[in-house]
Amino acid sequence: MKNIITQFSRIFVGLLFIISGLIKLNDPIGFSYKLAEYFSEPVFNMPFLVPLSLGLALFLVVIEVVLGVMLLIGYKSKFTIWSLLLMIVFFTFLTFYSAYFDVVKDCGCFGDALKLTPWQSFTKDEVLLFFILILFVNQKLVKPLFVKSIQNIIAYASIVLCIFMAVWVLNHLPLIDFRPYAVGQNIQKGMEIPEGAPQSVVEMVFIYKVNGVNTEFKEADLMAIPEGAEFVERKDNVLSEGYVPPIHDFTMMKDDSDYKEEFLQEPKLLMLVSYDLTIADKAGMSKLKKLNDAAVAKGYKVVGMTNSNKEIIDAVKKQYNLDFEYYTCDAIALKTIERANPSIVKLEKGTIVQKVHYNDIEDLKL
């Protein structure tokens with residue numbers, strides 16, 4: 001019975017680590033954004049680690065996949081199980097911290113493929129911890145599946161294949177796009193709220209200074225506010241989150257006006273996306289002038305999308321001799337649209353029909 005439980009734990013943990021790792025390896029830049037969120041001031045306040053987010057993300061996801069493979073084949077079982085235990089203890093702490101203090105809404109455990117609430121993520125890690133502890137106690141039952149030479153080949157091949165996949169998606173695009181801006185998705189439909197969808201329940205709290213002390217009053221208690229109390233501010237506490245559409249923060253702003261309704265009706269629209277122009281790839285930016293000229297000649301409306309300010313936009317347009325207009329959008333939304341900086345998105349009346357990395361502009365079908 002002990003052996004059956006141990007082998008089940010081995011298969012369950014190994015497969016889950018491989019699946020979770022491959023999903024994140026498919027989009028390591030997205031996972032790096034999640035790590036940067038953990039390193040930010042509101043969470044762990046370690047901004048010096050933010051520039052290292054991508055490197056750490058790549059290291060963690062490759063290790064996650066390789067350890068899953070090593071566990072399944074029984075390669076260096078003591079080292080593998082110890083490594084898995086240390087990883088799951090670390091991630092259990094992270095998910096508990098984000099859940100208890102409500103600082104990170106999604107751990108990114110399965111990238112954009114499966115969204116988990118902080119408490120769901122913590123529960124998932126507790127389950128994994130339970131099965132890894134079974135493996136830890138019964139390490140001697142985790143035997144190799146193959147002779148040593150075959151074990152070595154499989155282990156090292158998994159490392160090489162993971163590194164190859166990482167290099168590929170970083171220089172092109174994720175192999176599978178799980179985001180709401182995937183090819184085939186319509187932006188207008190992604191912003192719609194279905195009829196009858198649950199609404200958010202919000203509690204208004206009014207803060208008044210009473211005898212020099214800030215005191216909270218709920219809406220039902222307003223009649224009890226003492227005379228002479230000084231109003232300070234109003235807070236809105238979200239008691240229950242309503243339906244949030246997959247696309248809810250997309251804008252195309254210029255001069256305090258939003259042009260998305262107009263542009264999303266264009267039969268031929270090309271969006272050149274650079275969430276931050278100051279760190280956009282120079283080789284990629286240098287290709288945009290030629291692309292713009294070719295697209296305009298074929299009847300496309302070409303617009304730039306960024307979160308950079310006007311001064312930076314003007315400087316970049318001058319530097320690369322760009323004659324299309326840039327419109328602004330929230331940086332998180334732009335990071336969700338694409339992972340390359342810059343990247344190219346082709347739309348037909350709001351429906352995304354093609355997306356390419358700046359390294360693959362020649363593949364764009366105009």
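**Salt bridges, helix α3 and a nonpolar surface patch**

In the predicted model, R179 has a relative accessible area of 4% and is therefore buried, since the limit for that class is under 20%. The side chain of R179 meets that of D177 in a salt bridge, with an N to O distance of 2.9 Å. D177, by contrast, has a relative accessible area of 25% and is therefore classed as partly exposed. A salt bridge also links D177 to K355, and here the closest N and O atoms are 2.8 Å apart. K355 belongs to strand β10, which covers residues 351-357, whereas D177 sits in the loop between α6 and α7 (187-190); the pair therefore ties together parts that are 178 residues apart in sequence. Salt bridges with shared partners join K355 and D177 to R179 and E338, so that these four residues make up one network. K355 itself counts as buried, its relative accessibility being 9%.

The structure holds 15 salt bridges. Another of them is formed between K24 and E64, whose closest N and O atoms are separated by 3.0 Å. K24 is located in helix α1 (residues 2-25) and E64 in helix α3, so this salt bridge ties together parts that are 40 residues apart in sequence. Both K24 and E64 are buried.

Helix α3, which contains E64, comprises the 21 residues 53-73. At 1.5 Å a residue, a helix of this length should span 30 Å, and the end C-alpha atoms of α3 are indeed 30 Å apart, so the expected and computed values agree. Of the 21 residues of α3, 15 are buried, and the helix is therefore largely enclosed by the rest of the structure. Just after α3 comes G74, which adopts a positive phi of about 75 degrees.

M70 is one of the residues of helix α3. With a relative accessibility of 7%, M70 counts as buried, because this value falls under the 20% limit. When neighbours within four places in sequence are left aside, the contacts of M70 are with Y75, K76, F79 and T80. F122 lies 52 residues from M70 along the chain, and the C-alpha atoms of the two residues are separated by 24 Å.

A nonpolar patch is found on the surface, formed by L145, F146, V147, I150 and I153. Together, these residues have about 470 Å² of accessible area. L145, one member of the patch, is placed in the loop between α5 (118-137) and α6 (148-171).

The cysteines were also examined. A disulfide is a covalent bond between the sulfur atoms of two cysteines. With a cut-off of 2.5 Å between cysteine sulfur atoms, the count of disulfides in the model comes to zero. C162 has a relative accessibility of 5% and therefore counts as buried. C329 is likewise buried, at a relative accessibility of 3%.

Note on methods
Residues are numbered from 1 along each chain as its sequence is written. This is a predicted model: local features need pLDDT of at least 70, side-chain atom pairs count only at pLDDT 80 or more; totals for chains, interfaces and linings use all residues. Side-chain values use heavy atoms; hydrogens and water are left out. Buried means under 20% relative accessible area, exposed over 50%, partly exposed in between (1.4 Å probe, protein chains only). Helices (H or I, at least four residues) and strands (E, at least two) are DSSP runs, numbered from the N terminus. The expected span of a helix is 1.5 Å times one less than its number of residues. Contact means heavy atoms within 4.5 Å. Patches are made of residues with over 30% relative accessible area and no salt bridge: like charges are joined within 9 Å, nonpolar side chains (Val, Leu, Ile, Met, Phe, Trp, Tyr) within 5 Å. Accessible areas come from the Shrake-Rupley method with a 1.4 Å probe; for residues, only the protein chains shown count as cover.
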